2 protein chains.
Amino acid sequence: MYGQFCPVSKAMEVLDERWTMLVLREMLLGSTRFNDLRRGVPRMSPSLLSKRLRTLERAGVVRREGSGVRTSYHLTEAGKELGPIVDALAVWGMRWLPDLGDEDLDPHLLFWDIRRTLPAENWPQGRTTVAFELADVPVKVGRWWLVVTRGEVDVCDYDPGFEVDARVLTTLRTLTHVWRSDISWEKALLKGDLTIEAPRDVRRGLPGWIGYSAIAELAS
Amino acid sequence: MYGQFCPVSKAMEVLDERWTMLVLREMLLGSTRFNDLRRGVPRMSPSLLSKRLRTLERAGVVRREGSGVRTSYHLTEAGKELGPIVDALAVWGMRWLPDLGDEDLDPHLLFWDIRRTLPAENWPQGRTTVAFELADVPVKVGRWWLVVTRGEVDVCDYDPGFEVDARVLTTLRTLTHVWRSDISWEKALLKGDLTIEAPRDVRRGLPGWIGYSAIAELAS
DNA sequence: CTGTATCCATGGCGATACTG
DNA sequence: CAGTATCGCCATGGATACAG
């Protein structure tokens with residue numbers, strides 16, 4: 001491929017293909033099923049994902065388990081040792097490439113990430129429903145509901161019908177930057193880029209309950 | 001590009017293009033001039049190198065200094081902070097992808113790397129000339145001379161005419177693996193994959209004088 | 001020496017549809 | 001649910017020649 005003996009070039013032969021690092025990020029975050037992986041890289045075609053998984057398997061980074069139905073994909077030891085590298089890339093990207101284009105904003109991806117990372121154990125007993133209204137995207141993709149019940153998190157893009165405990169009024173852009181912790185909840189609230197409509201205790205508690213993305217925690 | 005807010009994807013938009021990581025490796029090893037960079041990535045076309053340098057400049061990773069003649073390229077702070085990531089990729093590649101195809105072996109690249117890394121200060125006073133004969137490649141690219149004089153290292157692919165202090169008989173493959181420290185000098189000598197013809201003291205000293213590649217040292 | 005311009009082929013990849 | 005098949009485009013990047 002590169003025609004070099006340097007281990008960096010050998011590593012990049014495996015890792016520098018388009019999407020590969022993002023698939024590995026998904027696996028490092030715990031996804032093992034084909035369709036779970038797809039949710040993490042929705043713009044990647046399924047055939048390409050399939051191809052990448054095979055390439056990674058041949059390279060000894062991924063192991064496929066169970067053929068046919070209920071196939072799952074797991075990182076080998078070699079794959080797991082990419083964890084610190086992916087983390088370092090995330091920290092570097094946070095630090096040096098903080099600007100997001102409109103193309104980088106995707107509510108499905110954002111709430112999919114929130115859903116899997118959210119520390120449900122911090123939430124109040126019983127059921128809590130939070131409605132999000134994002135002003136900078138079409139209504140069709142701008143209304144989301146977060147339902148947290150007994151340590152379980154659900155996200156809907158339709159009204160689940162529960163009584164809403166809090167409404168978050170903001171933009172997709174602001175919510176994304178807050179989630180990444182490019183700006184804090186406090187600052188976004190102060191600037192008026194984000195409003196929480198709820199009883200005082202919920203309004204106070206919500207930022208802490210939602211928190212920040214897993215990757216944001218790395219940088220701190 | 002990827003349409004994701006995740007900093008890993010933002011980082012990879014810059015870093016996952018073909019050759020980019022290898023150019024950064026060269027810069028991290030100290031190259032600043034266009035043609036020095038080329039020597040480190042000889043299979044990369046100059047127009048592509050030019051393009052990559054501009055992309056990296058736009059991304060804030062590289063800074064161009066002096067236009068026209070005597071241009072040089074330098075890593076910005078962001079670029080320097082990629083150092084640990086490139087190192088980690090090298091360590092990972094050494095550990096998990098130790099196999100080299102014939103395509104990965106390149107005597108020009110090997111001796112260019114030896115030349116710049118070799119710890120000349122360990123060598124004897126005066127001039128030392130070492131001749132290499134690589135049996136597994138055409139004679140035309142299989143004979144090399146290493147001349148170390150007062151802390152200066154020269155490599156020739158033609159006989160410089162000096163008296164030869166040592167002859168190293170081996171293959172390109174073995175010498176590459178030794179340089180990478182996939183196998184030690186001792187083991188290669190023991191297996192007979194590499195022979196040093198020289199007076200006893202030189203024969204004993206040479207492995208230590210040449211040593212191993214900079215990247216090999218990372219893994220230890 | 002330090003690049004740039006141009007050309008062209010290839011195959012990577014996106015889109016879509018379809019199957020066990 | 002878990003992929004595979006097919007198709008077609010266009011951009012990547014390799015090669016070469018040339019310019020300041």
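Guide: A polar contact is a pair of N or O atoms within 3.5 Å. With that cut-off in hand, take B:Tyr73 in this predicted model: an N or O atom of the B:Tyr73 side chain is 3.1 Å from a phosphate oxygen of DNA strand C.

Visitor: Which other side chains have an N or O atom by a phosphate oxygen of DNA strand C?

Guide: A:Arg18 is one of them, with a polar side-chain atom 2.6 Å from a phosphate oxygen of the strand. B:Thr71 is another, at 3.2 Å. Both chains take part: the elements giving two or more residues to the surface near DNA strand C are α4 of chain A and, from chain B, α3 (34-40) and α4.

Visitor: How many residues are around DNA strand C, and which come nearest?

Guide: There are 18 residues around the strand, and A:Arg18, A:Arg52, B:Arg33, B:Ser50 and B:Arg54 come nearest. On the DNA side, 76% of the atoms that come within 4 Å of the protein are accounted for by sugar and phosphate. Sorted by class, the surface near DNA strand C has seven charged, six polar and five nonpolar residues.

Visitor: Now the other strand. Which residues are closest to DNA strand D?

Guide: Among the 16 residues that surround DNA strand D, the closest are A:Arg33, A:Ser50, A:Arg54, B:Arg18 and B:Arg52. Two side chains of chain B can be read against its phosphates: B:Arg18 has an N or O atom 2.7 Å from a phosphate oxygen, and B:Trp19 has a polar atom 3.1 Å from one.

Visitor: What share of the DNA strand D atoms within 4 Å of the protein belongs to sugar or phosphate?

Guide: The share is 81%, and the rest belong to bases. For a base, look at A:Ser47, where a side-chain N or O atom is 3.5 Å from a base nitrogen of DNA strand D.

Visitor: Which element gives the largest share of the surface near DNA strand D?

Guide: That is α4(A), with four residues. At least two residues each come from α3 (34-40) and α4 (46-58) of chain A and from α4 (46-58) of chain B. The classes here are five nonpolar, six polar and five charged residues.

Visitor: How should I read the relation between the two protein chains?

Guide: In general, two copies of a chain are related by a rotation about an axis and a shift along it. Here, a turn of 180° and a shift of 0.0 Å along the axis lay chain A on chain B with an RMSD of 0.1 Å. This is the relation of a two-fold axis. A:Asp16 is the residue of chain A that comes closest to the axis, its C-alpha being at 2.4 Å. Both copies use the same surface, as 100% of the contact residues of chain A recur in chain B.

Visitor: How much area do chain A and chain B bury between them?

Guide: They bury about 4,800 Å², with 69% of it on carbon and sulfur atoms. Within chain A, the residues that lose the most area to chain B are A:Tyr2, A:Phe5 and A:Trp92, together 18% of what that side buries. Each chain puts 54 residues into the contact.

Visitor: How many salt bridges and polar contacts join the two chains?

Guide: Four salt bridges are counted between chain A and chain B. One of them pairs A:Arg95 with B:Glu81, their closest N and O atoms being 3.0 Å apart. The polar contacts come to 20 residue pairs. On the side of chain A that touches chain B, α6(A) gives the largest share, 10 residues. That side has 33 nonpolar, six polar and 15 charged residues.

Conventions. Residues are numbered from 1 along each chain as its sequence is written. Chains are lettered from A and ligands numbered from 1 in the order in which they are written. This is a predicted model: local features need pLDDT of at least 70, side-chain atom pairs count only at pLDDT 80 or more; totals for chains, interfaces and linings use all residues. Side-chain values use heavy atoms; hydrogens and water are left out. Contact means heavy atoms within 4.5 Å. Buried area is the accessible area (1.4 Å probe) that two parts lose on being put together, summed over both. A salt bridge is a side-chain nitrogen of Lys or Arg within 4 Å of a carboxyl oxygen of Asp or Glu. A polar contact is a pair of N or O atoms within 3.5 Å; within protein, one must be able to donate a hydrogen and the other to accept it, and residues adjacent in sequence count only if both atoms are side-chain atoms. Ala, Val, Leu, Ile, Met, Phe, Trp, Tyr, Cys and Pro count as nonpolar, Asp, Glu, Lys and Arg as charged, and the others, Gly among them, as polar. Copies are superposed by least squares on the C-alpha atoms of residues with pLDDT of at least 70 in both. A residue is near a molecule or strand if one of its heavy atoms lies within 4 Å of it.
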